[in-house]
Structures are given as C-alpha cells and as structure tokens.
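Colleague: Could you pick one spot in this structure and take me through it slowly? After that, I'd like to see how the rest fits around it.

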Amino acid sequence: MTDATDPAHAPSHPAPDPNDAHGSIFDGLLGSDSSQWAFGTDFEDPLAGVDTTIPDGVDPGDLATYCLMLADDALIASHRLSEWCSRAPDLEEDIALANVSLDLLGQARLLLARAAAADPAAVPTLPEGSPVPPEDALAFFREAGEFRNVRMTEVANGDFAHTIARLLVLSCARLAVFQRLTTSRDTVLAAVAAKGVKELAYHRDYAGRWFLTLARGTEESRRRLVEALDALWPLYAELFATHPVERSVAEAGVGVDPAAVADEVAVVLEQVFAMSGVERPDRAPLAGVQGRTGRDGLHTEALSLLLAEMQVVARAHPSGRW
Amino acid sequence: METLLDRETLDREALRERAYAVARGVTDPEMPMLTLEDLGVLRRVDVAGAGEVVVAITPTYSGCPAMATMRDDLVHGLSDAGFDDVRVAVELSPAWSSDWITERGRRALAEAGLSAPGPAPRHDGPIALDLLPTRRAVSCPRCGSAAVDLTSEFGATACKALYRCTDCLEPFEHVKEI
C-alpha cells in the first residue's frame with residue numbers, strides 16, 4: 001500500500017557500488033559512514049542540542065560529582081553484565097543481559113557527559129589534540145580512587161544466581177532513585193531519569209522473575225541463589241547511606257537522598273523474597289576504611305582489576321582514532 | 001481579517017516544508033521498514049535565520065546505538081536534497097514512547113513480520129513489580145494465530161522482545177511497549 005511518489009517511502013539507502021573508483025568491496029559493510037563502529041570516527045556529543053545550564057542554588061562541583069556517582073554505578077554494573085556475553089546459560093539470557101548492559105551504558109554515557117558539562121575540571125587531561133570526548137575521558141582515564149560507584153556494582157560476577165541477585169537489588173534501588181529524580185530541577189537529570197525509569201522497570205522484572213525461578217527451581221539453583229544473596233548482603237546498606245554530596249544536591253532539589261528510598265526498596269524486595277520463600281539475609285554491613293566507602297572512592301580490589309581490563313586499550317592510545 | 005506574512009517568512013516556511021519532506025523519508029537503521037517519522041523519533045524540523053536546517057530527534061532507549069547513524073542519514077539525505085547547512089539536535093525530553101509509532105508504522109511492521117507494540121505502561125505512579133511473564137494481546141504476524149509464547153523480553157535490538165507462534169511454529173519479534 002505504498003505510494004511511489006510519497007517521499008516517506010523513497011529508498012534512502014542506495015546500495016554501494018562495488019566498482020566505484022574511490023571505494024572497495026568492503027565499503028558496503030560500513031554503509032554510508034563508519035560512526036557505528038566502536039567510538040566512531042566522528043566523536044559525538046551525546047547531549048548535542050540539550051540545554052545544560054546549571055540550575056540556581058546548586059554547586060556545579062557537587063552536581064558533577066553526583067552525576068559521576070549515578071554514572072559510575074551504571075558504567076561498572078554495565079561492564080560486569082557485559083562479561084556474560086557468550087557465557088550465559090543460554091542464548092536468550094546472553095542477549096537479555098547484553099540488552100540490560102547496553103541500557104545502563106547509555107545511561108552512564110549521558111550522565112558522564114552531564115558531569116563533564118557541569119564541571120569541566122572533573123575531566124582528566126589528555127594529550128594535546130586527543131580526540132577522546134569528555135565522557136570517554138571520564139570512563140577510561142580515571143583511577144579506581146576517582147570512581148564513585150557503590151561497591152556492590154564492582155564485585156566479581158560469580159555464577160548466574162549471583163548476577164541475578166545483584167541485578168535485582170541494584171535495579172530496585174536505581175529505579176526508586178530514578179523515579180524521584182524525574183522531578184529534578186536539573187532538566188538533564190530529569191530527562192535521563194524519565195527515560196531510565198522505563199528501562200529499569202524491565203530490568204527489575206527480568207531479575208525478579210529469574211530470582212523466583214531459581215528460588216523455586218531445583219535444590220541446587222536455590223542453594224546457589226541463597227548463597228549469592230547472602231554474599232552480597234554486606235554491601236546492601238551502602239546503597240542507602242547518604243554521602244554529603246548526595247545530601248547537598250538533594251537539598252538543592254536536584255538530586256535524591258538514597259536514604260529516602262530505603263524503605264520502599266525493602267518492601268519491593270520483601271515481595272520477591274516472600275514469593276520465593278527466601279529469608280532476607282541478616283549480615284553486618286561491610287565497613288569502609290575510616291568511614292569511606294564506594295561513594296568516597298574507596299573500593300574493593302575487584303574494581304582495579306575491572307578497570308585494568310576496561311581501560312587498557314583506551315589508555316594505550318590516548319590520541320587514537322577508532 | 002487577512003493575515004499578511006512577509007516574503008521571508010513564507011520562504012522559510014516553504015524551505016522548512018521541503019526539508020521536512022526529506023527528513024521524514026529517512027528510515028531507521030535497525031528497522032528499515034519504518035521511517036524515523038513513523039517510529040516517532042523525528043521530533044521537529046526548523047529553519048533558522050541563516051537558512052540552517054535543524055532536525056530534532058529523540059533516542060528510543062538510552063543506549064540506542066543507532067543515534068549516530070540516524071544523524072548521519074539525516075545529514076546525508078538533506079545534503080543530497082541541496083541543504084548544505086544541517087544540524088541534528090538530540091531531544092531527551094519527553095522520553096520516547098512506543099505509543100508514538102504511527103498507524104502507518106504499525107502496518108509497516110506487520111507487513112515485515114514484526115508484531116507492533118500495544119499501549120505503553122504508564123509510569124506516573126509507583127511501578128508495580130511484575131513477577132509473571134508480561135501478558136500482551138499479541139498475535140502471530142505471519143498466520144494471525146493468538147497462540148503465541150514469549151521466548152524472551154529482550155531481543156536483537158533494545159526495542160524488541162522475542163516470541164514464538166505455537167500454531168505455525170515460526171519465531172517472530174515484538175516491538176516492546178515502553
């Protein structure tokens with residue numbers, strides 16, 4: 001039922017000509033440009049055209065640090081999930097975990113760009129003429145001590161049950177924070193949150209369904225799930241501990257105090273635990289060092305190992321074009 | 001009363017309409033049966049004072065890897081049509097919803113063997129946890145049977161779930177409600 005004269009149905013992707021004097025047969029693989037590969041040859045600003053004015057009454061440095069906290073949670077969780085690629089129990093779960101990972105990576109990219117726009121001084125300095133955009137400089141050229149993610153995002157994957165238990169807890173907490181963040185006075189944070197809420201609702205349902213399945217599956221799946229939840233629990237309290245920067249941006253109407261969502265998250269988790277016949281673990285929180293935890297840049301050894309792998313190529317070629 | 005428009009405004013409006021006609025024909029790189037307009041990611045085409053064409057698009061998902069390709073396809077399409085000065089801006093708010101896929105887009109999806117999304121869930125109150133497989137009124141785009149099984153909530157691109165028809169046994173993709 002298409003009308004040939006309707007411009008909306010005119011072909012917009014002409015096939016590449018393999019005999020073109022200036023091209024090769026491989027051009028067809030790239031389509032009309034190569035920006036979909038790796039970083040792309042043309043570095044993009046993910047916030048192009050978005051108003052990044054800083055709202056009144058908030059310290060730009062605090063806003064940037066807060067964006068790093070939210071970004072680093074997503075970036076590190078995304079990297080851990082991406083480690084499942086080709087290793088998941090079956091193809092569907094491989095694809096599902098990669099999809100969740102991609103959503104979180106997208107959130108991380110926008111938030112890192114927001115951090116860089118709020119406080120350019122937060123962005124690591126790279127060699128003169130380096131084409132690395134600010135959000136990539138933040139992802140690939142900061143040391144472990146400069147990452148602000150909670151420690152639960154960084155610990156090693158363990159088995160599939162461990163990944164599901166962690167994804168359930170993290171997506172419950174992040175969804176609750178993002179729902180409140182949709183009314184942030186910072187229009188960028190509000191927009192990232194409004195979009196993220198839709199994605200996180202899918203992540204939480206996915207993790208919740210698998211949690212229930214594993215808990216009510218075989219004796220072995222249940223044993224592994226309960227062990228995984230127990231192992232993660234010492235890192236649970238940190239998700240809701242308010243950092244001074246979080247308090248400052250929450251008071252400015254820009255951020256969310258994580259302590260404010262603790263009860264709501266506990267109720268949602270209790271629903272899953274009750275249906276699954278699993279007890280909420282009773283484990284003491286993992287202490288920080290002199291009170292410092294992930295939000296202060298104090299991490300477990302697992303983060304250094306993760307960053308070594310995640311950052312090695314970018315750091316080897318700080319002026320590289322990809 | 002007759003409205004008088006000056007010549008410059010008329011020219012600019014004609015230019016905008018011509019640019020819009022080109023922009024609306026650019027297709028989605030991952031679902032090429034849909035134009036960006038039918039997918040609902042093409043938000044606006046404006047012509048600025050100096051004749052610069054500004055196209056506003058919005059991502060379907062935060063991590064949508066197709067944004068750069070959409071931008072390049074828009075710039076190429078418009079420059080082929082004689083627009084030299086084109087800028088593509090990203091609009092994050094309001095967030096894209098599958099409800100924005102047009103009727104024509106839904107027909108194009110079905111003709112290509114993809115199942116179109118139902119109404120998007122509303123997220124203005126607390127979001128209820130759903131521990132059972134999502135129930136949707138989905139029918140097989142090939143044989144029309146309503147006897148379908150959800151294989152996975154996640155598919156080959158961020159916006160699709162995987163289904164299987166238990167009558168004709170063919171797998172198919174469903175564009176997710178978001």
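Modeller: Sure, but let's get one bit of vocabulary sorted before anything else: helices (at least four residues) and strands (at least two) are runs assigned by DSSP, and they get their numbers from the N terminus. Also keep in mind that you're looking at a predicted model.

The spot I'd pick is B:Thr58. Go to chain B and find strand S2 (53–57), then helix H3 (67–80): B:Thr58 sits in the loop that joins them. Is B:Thr58 buried or exposed? The cut-off you need is that buried means under 20% relative accessible area. B:Thr58 comes out at 0%, so it counts as buried.

What does B:Thr58 touch, once you ignore residues up to four places away in sequence? On the lower-numbered side there are B:Gly40, B:Val41 and B:Arg43. The list goes on with B:Met67, B:Glu91, B:Leu92 and B:Pro94, and it ends with two tryptophans, B:Trp96 and B:Trp100. Now look again at B:Glu91 in that list. A polar atom of the B:Thr58 side chain lies 2.6 Å from the backbone oxygen of B:Glu91.

Let's zoom out to the chain around that loop. Chain B has four helices and seven strands. Read from the N terminus, they come in the order α-α-β-β-α-β-α-β-β-β-β. The C-alpha trace of chain B spans about 60 × 40 × 35 Å along its principal axes. Of the 178 residues in chain B, 50% are buried. If you take the contacts in chain B between residues at least 6 apart in sequence, 53% of them join residues at least 24 apart.

Further along chain B there's a stretch with a label. An unreviewed UniProt entry lists residues 134–176 of chain B as "domain: PaaD zinc beta ribbon". In the model, that stretch is 0% helix and 37% strand, and its end C-alpha atoms are 11 Å apart.

Now for the partner, chain A. How many helices and strands does chain A have? There are ten helices and zero strands, so to speak an α repeated from the N terminus to the end of the list. Chain A has 322 residues, and 53% of them are buried. For contacts in chain A between residues at least 6 apart in sequence, 78% join residues at least 24 apart.

Two loop residues in chain A make a nice comparison with the place we started. A:Ser184 is in the loop between H5 and H6 of chain A, and with a relative accessible area of 11% it is buried. The side chain of A:Ser184 has a polar atom 2.9 Å from the backbone nitrogen of A:Asp186. Beyond its neighbours within four places in sequence, A:Ser184 contacts A:Leu189, A:Ala190, A:Gly253 and A:Val254.

The other one is A:Thr293, in the loop between H9 and helix H10 (301–316) of chain A. A:Thr293 is buried too, at 17% relative accessible area. With neighbours within four places left out, A:Thr293 is in contact with A:Arg151, A:Glu238, A:Gly288 and A:Leu298. The C-alpha atoms of A:Thr293 and A:Ala241 are 9.7 Å apart in space, although the two residues are 52 apart in sequence.

Last stop: where the chains meet. On each side, 50 residues take part, 50 of chain A in contact with 50 of chain B. Together the chains bury about 4,200 Å², and carbon and sulfur atoms give 58% of that. A:Lys195, A:Tyr202 and A:Arg209 supply 18% of the area that chain A buries against chain B, more than any other three residues.

A:Arg209 turns up again in a salt bridge with B:Asp130, where the closest N and O atoms are 3.8 Å apart. The count between the two chains is one salt bridge. There are also twelve residue pairs in polar contact across the interface. On the chain A side, the elements giving two or more residues are helix H3 (91–118), helix H5 (160–181), helix H6 (187–215) and helix H9 (262–276). H6(A) gives the largest share, with 15 residues. Sorted by type, that side of chain A has 25 nonpolar, 13 polar and twelve charged residues.

How values were computed: Residues are numbered from 1 along each chain as its sequence is written. Chains are lettered from A and ligands numbered from 1 in the order in which they are written. This is a predicted model: local features need pLDDT of at least 70, side-chain atom pairs count only at pLDDT 80 or more; totals for chains, interfaces and linings use all residues. Side-chain values use heavy atoms; hydrogens and water are left out. Buried means under 20% relative accessible area, exposed over 50%, partly exposed in between (1.4 Å probe, protein chains only). A polar contact is a pair of N or O atoms within 3.5 Å; within protein, one must be able to donate a hydrogen and the other to accept it, and residues adjacent in sequence count only if both atoms are side-chain atoms. Contact means heavy atoms within 4.5 Å. Buried area is the accessible area (1.4 Å probe) that two parts lose on being put together, summed over both. A salt bridge is a side-chain nitrogen of Lys or Arg within 4 Å of a carboxyl oxygen of Asp or Glu. Ala, Val, Leu, Ile, Met, Phe, Trp, Tyr, Cys and Pro count as nonpolar, Asp, Glu, Lys and Arg as charged, and the others, Gly among them, as polar. UniProt positions are given in the numbering used here, feature names are shortened, and annotations may be inferred rather than shown by experiment.
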